[in-house]
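Trainee: I would like to know how the labels on a structure are justified. Could we go through some of them one by one?

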Amino acid sequence: MTVQESPASAFDRATMQRCLELARTAIGRTAPNPLVGSVIVNQGNVIGEGFHPQAGEPHAEVFALRQAGDRARGATLYVNLEPCSHTGRTPPCAEAIIQAGLARVVVGMVDPNPLVAGQGIARLRQAGIEVHVGIEATDCQTLNEAFIHRMQHHQPFGIFKYAMTLDGKIAASTGHSHWITSPTARQKVHQLRASCDAVIVGGNTVRQDNPHLTTHDQAGSNPLRVVMSRSLDLPTDANLWHTAVAPTIVLTESGANSEVKAALLKQAVEVIELPDLTPQSVMAQLYDRGCLSVLWECGGTLAATAMQQACIHKVWAFIAPKIIGGSGGFTPVGDMGLSQMTEALPITRLNIQSIGPDFLLEGYLPVE
Ligand code: AOF
Ligand code: ZN
(Lines give C-alpha, C1' and ligand atoms only; values in the text may rest on other atoms or scores of the structure.)
(Ligands and ions follow the chains in the order given, each with its own letter.)
Protein backbone atom coordinates (compact mmCIF):
# COMPACT_ATOMS: atom_id res chain seq x y z
CA MET A 1 0.00 0.00 0.00
CA THR A 2 1.45 3.45 -0.87
CA VAL A 3 0.92 6.11 1.74
CA GLN A 4 1.20 9.76 0.84
CA GLU A 5 3.78 11.70 2.85
CA SER A 6 2.99 15.08 4.41
CA PRO A 7 4.94 18.25 5.21
CA ALA A 8 5.65 18.71 8.91
CA SER A 9 5.88 21.68 11.26
CA ALA A 10 8.92 22.23 13.47
CA PHE A 11 6.73 21.23 16.44
CA ASP A 12 5.75 17.96 14.73
CA ARG A 13 9.40 17.18 14.01
CA ALA A 14 10.51 17.96 17.56
CA THR A 15 7.72 15.83 19.02
CA MET A 16 8.66 12.95 16.69
CA GLN A 17 12.23 13.26 17.99
CA ARG A 18 10.81 12.91 21.51
CA CYS A 19 9.07 9.68 20.35
CA LEU A 20 12.45 8.38 19.16
CA GLU A 21 14.05 9.32 22.48
CA LEU A 22 11.32 7.42 24.36
CA ALA A 23 11.67 4.45 21.99
CA ARG A 24 15.44 4.28 22.65
CA THR A 25 14.77 3.61 26.34
CA ALA A 26 14.16 -0.04 25.41
CA ILE A 27 17.14 -0.52 23.06
CA GLY A 28 18.25 -4.17 23.01
CA ARG A 29 15.14 -5.42 24.81
CA THR A 30 12.28 -5.46 22.31
CA ALA A 31 13.22 -8.25 19.86
CA PRO A 32 11.52 -9.41 17.72
CA ASN A 33 9.49 -6.24 18.08
CA PRO A 34 10.48 -2.72 16.98
CA LEU A 35 11.55 0.27 19.06
CA VAL A 36 8.51 2.52 19.39
CA GLY A 37 7.74 5.68 21.34
CA SER A 38 4.55 7.74 21.39
CA VAL A 39 3.52 11.19 22.62
CA ILE A 40 0.02 12.71 22.89
CA VAL A 41 -0.36 16.47 22.69
CA ASN A 42 -3.45 18.55 23.37
CA GLN A 43 -3.35 22.29 22.61
CA GLY A 44 0.42 22.33 22.81
CA ASN A 45 0.59 20.37 26.07
CA VAL A 46 2.05 16.89 26.35
CA ILE A 47 -0.62 14.81 28.10
CA GLY A 48 0.73 11.32 27.55
CA GLU A 49 3.97 9.52 26.73
CA GLY A 50 4.93 5.89 26.36
CA PHE A 51 7.28 3.39 24.80
CA HIS A 52 7.20 -0.30 23.99
CA PRO A 53 9.26 -2.02 26.71
CA GLN A 54 9.39 -5.58 25.32
CA ALA A 55 7.56 -8.13 23.18
CA GLY A 56 4.31 -9.22 24.79
CA GLU A 57 3.89 -5.89 26.60
CA PRO A 58 1.46 -3.25 25.30
CA HIS A 59 2.55 -1.08 22.40
CA ALA A 60 3.86 2.46 22.87
CA GLU A 61 0.56 4.08 21.85
CA VAL A 62 -1.32 2.18 24.58
CA PHE A 63 0.96 3.52 27.33
CA ALA A 64 0.57 7.08 25.99
CA LEU A 65 -3.23 6.68 25.75
CA ARG A 66 -3.43 5.33 29.31
CA GLN A 67 -1.54 8.34 30.62
CA ALA A 68 -3.63 10.81 28.65
CA GLY A 69 -6.97 9.27 29.69
CA ASP A 70 -10.04 11.35 28.67
CA ARG A 71 -7.85 14.27 27.65
CA ALA A 72 -6.89 12.30 24.50
CA ARG A 73 -10.23 13.28 22.91
CA GLY A 74 -9.51 15.74 20.10
CA ALA A 75 -5.74 15.54 20.68
CA THR A 76 -2.81 14.61 18.39
CA LEU A 77 -0.93 11.33 18.81
CA TYR A 78 2.67 11.06 17.59
CA VAL A 79 4.33 7.70 17.01
CA ASN A 80 7.52 6.75 15.15
CA LEU A 81 5.96 3.60 13.59
CA GLU A 82 2.53 3.29 12.02
CA PRO A 83 -0.07 2.13 14.60
CA CYS A 84 -0.85 -1.54 14.13
CA SER A 85 -4.09 -2.79 12.65
CA HIS A 86 -3.71 -6.47 13.51
CA THR A 87 -4.24 -8.58 16.58
CA GLY A 88 -0.86 -10.01 17.53
CA ARG A 89 0.26 -10.57 21.11
CA THR A 90 -1.75 -7.40 21.81
CA PRO A 91 -4.91 -5.84 20.26
CA PRO A 92 -4.73 -3.32 17.37
CA CYS A 93 -3.59 0.18 18.37
CA ALA A 94 -5.46 1.81 15.48
CA GLU A 95 -8.74 0.75 17.11
CA ALA A 96 -7.62 2.03 20.53
CA ILE A 97 -6.75 5.40 18.95
CA ILE A 98 -10.15 5.60 17.24
CA GLN A 99 -11.93 4.64 20.49
CA ALA A 100 -10.04 7.32 22.42
CA GLY A 101 -11.28 9.99 19.98
CA LEU A 102 -7.95 11.36 18.71
CA ALA A 103 -8.33 14.01 16.00
CA ARG A 104 -4.90 13.76 14.40
CA VAL A 105 -2.13 11.16 14.20
CA VAL A 106 1.47 11.92 13.14
CA VAL A 107 3.41 8.85 12.01
CA GLY A 108 7.17 8.55 11.45
CA MET A 109 7.13 5.65 8.99
CA VAL A 110 4.92 2.97 7.51
CA ASP A 111 5.22 -0.40 9.31
CA PRO A 112 7.18 -2.90 7.14
CA ASN A 113 5.35 -5.75 8.90
CA PRO A 114 3.15 -7.26 6.13
CA LEU A 115 0.38 -7.70 8.72
CA VAL A 116 0.20 -3.90 9.01
CA ALA A 117 1.91 -2.30 5.93
CA GLY A 118 -0.27 0.79 5.57
CA GLN A 119 -3.48 -0.77 6.86
CA GLY A 120 -3.17 0.93 10.25
CA ILE A 121 -3.00 4.32 8.53
CA ALA A 122 -5.90 3.41 6.22
CA ARG A 123 -8.04 2.36 9.20
CA LEU A 124 -7.39 5.67 11.02
CA ARG A 125 -8.23 7.71 7.89
CA GLN A 126 -11.36 5.66 7.33
CA ALA A 127 -12.47 6.65 10.84
CA GLY A 128 -12.05 10.33 9.90
CA ILE A 129 -8.75 10.93 11.68
CA GLU A 130 -6.26 13.27 9.98
CA VAL A 131 -3.03 11.27 9.49
CA HIS A 132 0.41 12.68 8.57
CA VAL A 133 3.08 10.20 7.50
CA GLY A 134 6.86 10.39 7.02
CA ILE A 135 7.80 12.91 9.72
CA GLU A 136 11.54 12.55 10.57
CA ALA A 137 11.36 9.43 8.39
CA THR A 138 15.13 8.96 8.01
CA ASP A 139 15.74 8.97 11.76
CA CYS A 140 12.75 6.67 12.29
CA GLN A 141 14.10 4.21 9.70
CA THR A 142 17.61 4.31 11.16
CA LEU A 143 16.36 3.55 14.67
CA ASN A 144 14.46 0.50 13.42
CA GLU A 145 16.88 -0.56 10.64
CA ALA A 146 17.25 -4.03 12.15
CA PHE A 147 13.47 -4.52 12.44
CA ILE A 148 13.00 -3.33 8.84
CA HIS A 149 15.77 -5.66 7.61
CA ARG A 150 14.27 -8.61 9.51
CA MET A 151 10.82 -7.97 8.02
CA GLN A 152 12.09 -7.47 4.47
CA HIS A 153 14.77 -10.15 4.28
CA HIS A 154 13.62 -12.75 6.85
CA GLN A 155 17.06 -12.62 8.39
CA PRO A 156 18.51 -10.69 11.35
CA PHE A 157 20.50 -7.51 10.62
CA GLY A 158 24.21 -8.41 10.78
CA ILE A 159 26.78 -5.95 12.10
CA PHE A 160 30.52 -6.61 11.96
CA LYS A 161 32.55 -4.88 14.64
CA TYR A 162 36.32 -4.77 14.69
CA ALA A 163 39.16 -2.69 16.04
CA MET A 164 42.28 -2.08 14.00
CA THR A 165 45.40 0.04 13.95
CA LEU A 166 45.84 2.78 11.38
CA ASP A 167 47.80 0.27 9.26
CA GLY A 168 44.89 -2.14 9.24
CA LYS A 169 45.99 -4.75 11.80
CA ILE A 170 43.75 -6.40 14.39
CA ALA A 171 46.76 -7.91 16.23
CA ALA A 172 50.55 -7.83 16.29
CA SER A 173 52.32 -10.65 14.38
CA THR A 174 52.46 -12.53 17.73
CA GLY A 175 48.66 -12.45 17.92
CA HIS A 176 48.76 -9.95 20.80
CA SER A 177 45.82 -7.56 20.62
CA HIS A 178 45.00 -6.26 24.11
CA TRP A 179 44.36 -3.44 23.58
CA ILE A 180 44.18 -1.76 20.21
CA THR A 181 41.71 0.94 21.22
CA SER A 182 41.37 3.08 24.33
CA PRO A 183 39.14 2.32 27.36
CA THR A 184 36.67 4.95 26.06
CA ALA A 185 36.28 3.08 22.77
CA ARG A 186 35.93 -0.22 24.60
CA GLN A 187 33.19 1.31 26.75
CA LYS A 188 31.46 2.29 23.51
CA VAL A 189 31.69 -1.34 22.34
CA HIS A 190 29.80 -2.40 25.47
CA GLN A 191 27.12 0.14 24.67
CA LEU A 192 26.86 -1.04 21.06
CA ARG A 193 26.73 -4.66 22.23
CA ALA A 194 23.80 -3.81 24.51
CA SER A 195 21.84 -2.69 21.44
CA CYS A 196 22.25 -6.12 19.77
CA ASP A 197 20.33 -9.31 20.46
CA ALA A 198 23.18 -11.75 19.86
CA VAL A 199 26.94 -11.61 19.53
CA ILE A 200 28.73 -14.24 17.43
CA VAL A 201 32.30 -15.50 17.59
CA GLY A 202 34.15 -18.51 16.21
CA GLY A 203 35.93 -21.20 18.22
CA ASN A 204 39.29 -19.52 17.54
CA THR A 205 38.25 -16.37 19.38
CA VAL A 206 37.22 -18.48 22.41
CA ARG A 207 40.54 -20.35 22.37
CA GLN A 208 42.71 -17.26 21.86
CA ASP A 209 40.92 -14.40 23.63
CA ASN A 210 38.63 -16.11 26.16
CA PRO A 211 36.20 -13.16 25.88
CA HIS A 212 33.20 -12.37 28.13
CA LEU A 213 31.13 -10.64 25.41
CA THR A 214 28.99 -8.94 28.02
CA THR A 215 27.95 -5.32 28.31
CA HIS A 216 29.91 -4.99 31.59
CA ASP A 217 28.67 -1.98 33.49
CA GLN A 218 26.22 -0.91 30.77
CA ALA A 219 22.61 -0.80 31.78
CA GLY A 220 20.76 -2.98 29.33
CA SER A 221 20.52 -6.63 28.70
CA ASN A 222 23.45 -8.80 27.69
CA PRO A 223 23.03 -10.19 24.20
CA LEU A 224 22.81 -13.92 23.63
CA ARG A 225 26.40 -15.16 23.22
CA VAL A 226 26.85 -17.45 20.24
CA VAL A 227 29.88 -19.59 19.43
CA MET A 228 30.32 -21.30 16.07
CA SER A 229 32.53 -24.37 16.33
CA ARG A 230 32.44 -27.27 13.89
CA SER A 231 34.88 -29.44 15.89
CA LEU A 232 33.78 -28.44 19.42
CA ASP A 233 37.47 -28.39 20.15
CA LEU A 234 36.95 -25.79 22.88
CA PRO A 235 38.30 -25.25 26.41
CA THR A 236 35.85 -26.52 29.04
CA ASP A 237 36.46 -23.57 31.39
CA ALA A 238 36.00 -20.49 29.17
CA ASN A 239 34.44 -17.24 30.44
CA LEU A 240 31.59 -17.69 27.97
CA TRP A 241 30.40 -20.78 29.84
CA HIS A 242 29.49 -18.68 32.90
CA THR A 243 25.85 -18.74 31.93
CA ALA A 244 24.63 -17.10 35.14
CA VAL A 245 25.99 -13.84 33.66
CA ALA A 246 24.40 -14.25 30.22
CA PRO A 247 23.12 -17.16 28.15
CA THR A 248 25.48 -18.86 25.69
CA ILE A 249 24.73 -21.19 22.82
CA VAL A 250 27.26 -23.20 20.89
CA LEU A 251 26.36 -24.07 17.33
CA THR A 252 28.11 -27.10 15.91
CA GLU A 253 27.60 -30.09 13.63
CA SER A 254 26.72 -33.65 14.59
CA GLY A 255 29.61 -35.89 15.52
CA ALA A 256 31.61 -33.12 17.22
CA ASN A 257 33.65 -33.74 20.39
CA SER A 258 31.14 -35.40 22.74
CA GLU A 259 33.20 -34.89 25.92
CA VAL A 260 33.27 -31.14 25.40
CA LYS A 261 29.58 -31.22 24.57
CA ALA A 262 28.81 -32.95 27.89
CA ALA A 263 31.00 -30.44 29.78
CA LEU A 264 29.18 -27.51 28.14
CA LEU A 265 25.73 -28.91 28.83
CA LYS A 266 26.71 -29.33 32.47
CA GLN A 267 27.40 -25.58 32.62
CA ALA A 268 23.97 -24.80 31.12
CA VAL A 269 25.41 -23.89 27.74
CA GLU A 270 22.96 -24.80 25.01
CA VAL A 271 24.55 -26.91 22.27
CA ILE A 272 22.79 -27.11 18.93
CA GLU A 273 23.88 -29.39 16.11
CA LEU A 274 23.10 -27.97 12.68
CA PRO A 275 23.27 -30.12 9.53
CA ASP A 276 25.62 -27.57 8.00
CA LEU A 277 27.34 -24.94 10.16
CA THR A 278 27.65 -21.76 8.06
CA PRO A 279 27.09 -18.05 8.76
CA GLN A 280 23.82 -18.39 6.84
CA SER A 281 22.56 -21.33 8.89
CA VAL A 282 23.52 -19.45 12.07
CA MET A 283 21.60 -16.39 10.91
CA ALA A 284 18.58 -18.60 10.16
CA GLN A 285 18.77 -20.08 13.66
CA LEU A 286 18.97 -16.60 15.23
CA TYR A 287 16.09 -15.39 13.05
CA ASP A 288 13.98 -18.26 14.41
CA ARG A 289 14.91 -17.15 17.92
CA GLY A 290 13.56 -13.68 17.17
CA CYS A 291 16.82 -11.72 16.94
CA LEU A 292 16.64 -8.32 15.27
CA SER A 293 20.34 -7.49 15.18
CA VAL A 294 23.37 -9.71 15.60
CA LEU A 295 26.92 -8.60 16.15
CA TRP A 296 29.77 -10.46 14.44
CA GLU A 297 32.78 -10.03 16.78
CA CYS A 298 34.77 -12.72 15.05
CA GLY A 299 38.22 -12.93 13.50
CA GLY A 300 39.05 -12.37 9.85
CA THR A 301 38.42 -15.89 8.53
CA LEU A 302 34.85 -16.13 9.82
CA ALA A 303 34.20 -12.47 8.92
CA ALA A 304 35.20 -13.18 5.31
CA THR A 305 32.78 -16.11 5.06
CA ALA A 306 30.01 -14.15 6.76
CA MET A 307 30.55 -11.31 4.27
CA GLN A 308 30.59 -13.66 1.30
CA GLN A 309 27.33 -15.17 2.49
CA ALA A 310 25.73 -11.71 2.84
CA CYS A 311 25.34 -12.07 6.60
CA ILE A 312 26.98 -8.69 7.32
CA HIS A 313 25.03 -5.55 6.50
CA LYS A 314 26.84 -2.90 8.49
CA VAL A 315 30.33 -2.36 9.91
CA TRP A 316 31.45 -0.68 13.07
CA ALA A 317 35.19 -0.18 12.50
CA PHE A 318 37.16 1.22 15.42
CA ILE A 319 40.41 2.74 14.19
CA ALA A 320 43.25 3.44 16.61
CA PRO A 321 45.83 6.10 15.65
CA LYS A 322 48.80 3.73 15.96
CA ILE A 323 50.93 1.66 13.64
CA ILE A 324 52.14 -1.86 14.47
CA GLY A 325 53.48 -2.95 11.08
CA GLY A 326 54.13 -6.53 10.05
CA SER A 327 53.13 -8.60 7.09
CA GLY A 328 51.23 -11.32 8.98
CA GLY A 329 47.62 -12.18 8.24
CA PHE A 330 45.91 -10.47 11.17
CA THR A 331 43.59 -8.16 9.31
CA PRO A 332 39.85 -7.64 9.91
CA VAL A 333 38.58 -9.56 6.89
CA GLY A 334 40.28 -12.68 5.53
CA ASP A 335 40.44 -13.87 1.94
CA MET A 336 37.16 -13.55 0.06
CA GLY A 337 38.67 -14.66 -3.22
CA LEU A 338 38.53 -11.17 -4.70
CA SER A 339 41.49 -10.23 -6.87
CA GLN A 340 40.58 -6.91 -8.52
CA MET A 341 39.87 -3.61 -6.76
CA THR A 342 36.79 -3.36 -8.96
CA GLU A 343 35.40 -6.37 -7.05
CA ALA A 344 35.81 -4.71 -3.61
CA LEU A 345 32.59 -4.46 -1.59
CA PRO A 346 31.55 -0.81 -1.46
CA ILE A 347 30.78 0.68 1.96
CA THR A 348 28.24 3.48 1.81
CA ARG A 349 26.38 5.96 4.04
CA LEU A 350 29.56 6.53 6.05
CA ASN A 351 29.56 8.18 9.41
CA ILE A 352 32.73 8.84 11.36
CA GLN A 353 33.03 10.04 14.94
CA SER A 354 35.91 10.35 17.34
CA ILE A 355 35.73 8.31 20.52
CA GLY A 356 38.50 9.46 22.88
CA PRO A 357 41.75 9.14 20.88
CA ASP A 358 40.17 6.63 18.42
CA PHE A 359 37.65 6.81 15.58
CA LEU A 360 34.48 4.85 14.97
CA LEU A 361 33.57 4.51 11.33
CA GLU A 362 30.09 3.21 10.57
CA GLY A 363 28.98 2.17 7.12
CA TYR A 364 26.68 -0.16 5.21
CA LEU A 365 27.34 -3.06 2.86
CA PRO A 366 25.19 -3.67 -0.20
CA VAL A 367 22.10 -5.76 0.59
CA GLU A 368 21.57 -8.58 -1.91
C1 AOF B 1 5.50 -3.20 19.01
N2 AOF B 1 5.43 -2.08 19.75
O3 AOF B 1 4.78 -0.02 20.09
C4 AOF B 1 4.22 -1.06 18.04
C5 AOF B 1 4.30 -2.23 17.27
O6 AOF B 1 2.79 -9.17 18.62
P7 AOF B 1 2.43 -7.76 18.90
O8 AOF B 1 0.98 -7.58 19.20
O9 AOF B 1 3.30 -7.13 19.96
O10 AOF B 1 2.68 -6.95 17.54
C11 AOF B 1 3.97 -6.69 17.08
C12 AOF B 1 3.87 -5.85 15.81
O13 AOF B 1 3.11 -4.68 16.05
C14 AOF B 1 5.20 -5.35 15.32
O15 AOF B 1 5.83 -6.28 14.47
C16 AOF B 1 4.82 -4.09 14.55
O17 AOF B 1 4.44 -4.46 13.24
C18 AOF B 1 3.56 -3.59 15.26
N19 AOF B 1 3.76 -2.31 16.05
N20 AOF B 1 4.96 -3.28 17.81
O21 AOF B 1 6.08 -4.17 19.46
C22 AOF B 1 4.81 -1.01 19.34
N23 AOF B 1 3.58 0.03 17.61
ZN1 ZN C 1 0.14 -1.59 18.15
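Mentor: What follows is a set of questions about labels, each answered from a value and a cut-off. Keep in mind that this is a predicted model.

Trainee: What makes A163 buried or exposed?

Mentor: A residue is called buried if 20 or more other C-beta atoms lie within 10 Å of its own. A163 has 22 other C-beta atoms within 10 Å, so A163 is buried. A163 is found in strand β6, residues 157-165. Leaving aside neighbours within four places in sequence, A163 is in contact with I170, I180, T181, F318 and A320.

Trainee: Where does the label "binding site" at A163 come from?

Mentor: From a record. The UniProt annotation "binding site", in an unreviewed entry, covers A163, W179, T205 and D209. Such annotations may be inferred rather than shown by experiment.

Trainee: Why is D209 called partly exposed?

Mentor: The cut-offs are 20 or more for buried and 12 or fewer for exposed, with partly exposed in between. D209 has 18 C-beta neighbours inside 10 Å, so D209 counts as partly exposed. D209 is found in helix α8, residues 203-209.

Trainee: Which other positions does UniProt give as "binding site"?

Mentor: The unreviewed entry also places that feature at S177, R193, L213 and E297.

Trainee: How do you know whether S177 is buried, exposed or partly exposed?

Mentor: By the count again. S177 has 18 C-beta neighbours inside 10 Å, and therefore counts as partly exposed. S177 is found in the loop between β6 and α7. Beyond four places in sequence, the contacts of S177 are I170 and A171.

Trainee: And what makes R193 buried or exposed?

Mentor: R193 has 22 C-beta neighbours inside 10 Å, so R193 counts as buried. The place of R193 is in helix α7. Without neighbours up to four places away, R193 is in contact with V199, T215, P223 and L295.

Trainee: V199 is on that list. Why is V199 called buried?

Mentor: V199 has 26 other C-beta atoms within 10 Å, so V199 is buried. V199 lies in strand β7, residues 198-202. Apart from residues up to four places away in sequence, V199 touches R193, L213, P223, R225, V226, L295 and E297. Among these, R193, L213 and E297 are also positions that UniProt gives as "binding site".

Trainee: How far apart are the C-alpha atoms of V199 and T214?

Mentor: They are separated by 9.1 Å, and the two residues are 15 places apart along the chain.

Trainee: Let us turn to the sheet. What makes β2 and β5 edge strands?

Mentor: The open sheet has 5 strands in the order β2-β1-β3-β4-β5, with mixed pairing. β2 (45-51) and β5 (130-133) each have a single partner strand, so one side of each is left without a neighbour in the sheet. From one strand to the next, the twist averages 15°.

Trainee: How do you know that β4 and β5 pair?

Mentor: Pairing takes at least two bridges between the strands. β4 (residues 104-109) is joined to β5 by 4 bridges, so by that cut-off the two strands pair, and they run parallel. V107 has V133 in β5 as its bridge partner.

Trainee: What makes helix α2 "mostly covered"?

Mentor: The count of buried residues: 7 of the 9 residues of α2 are buried. They are A60, E61, V62, F63, A64, L65 and A68. Their cover includes α1, β1, β2, β3 and α3. Helix α2 lies across β1, β2 and β3, running at about 140° to β2. Just after α2, G69 has a positive phi of about 60°.

Trainee: Which residues of α4 are buried?

Mentor: Q119, G120, I121, R123 and L124. These buried residues pack against α3, β4 and β5. Helix α4 lies across β4 and β5, at about 150° to β5. G128 follows α4, with a positive phi near 85°.

Trainee: Last, what classes of residue form the shell around ligand 1?

Mentor: The shell has 8 nonpolar, 6 polar and 2 charged residues. In total, 16 residues surround ligand 1, and the closest are N33, V36, H59, G88 and N113.

How values were computed
Residues are numbered from 1 along each chain as its sequence is written. Chains are lettered from A and ligands numbered from 1 in the order in which they are written. This is a predicted model: local features need pLDDT of at least 70, side-chain atom pairs count only at pLDDT 80 or more; totals for chains, interfaces and linings use all residues. Axes are lines fitted to C-alpha atoms, for helices over the stretch in contact, and angles run from 0 to 180 degrees between N-to-C directions. Two residues are in contact if their C-beta atoms, placed from the backbone, lie within 7 Å. A residue is near a molecule or strand if its C-beta atom, placed from the backbone, lies within 6 Å of it. Ala, Val, Leu, Ile, Met, Phe, Trp, Tyr, Cys and Pro count as nonpolar, Asp, Glu, Lys and Arg as charged, and the others, Gly among them, as polar.
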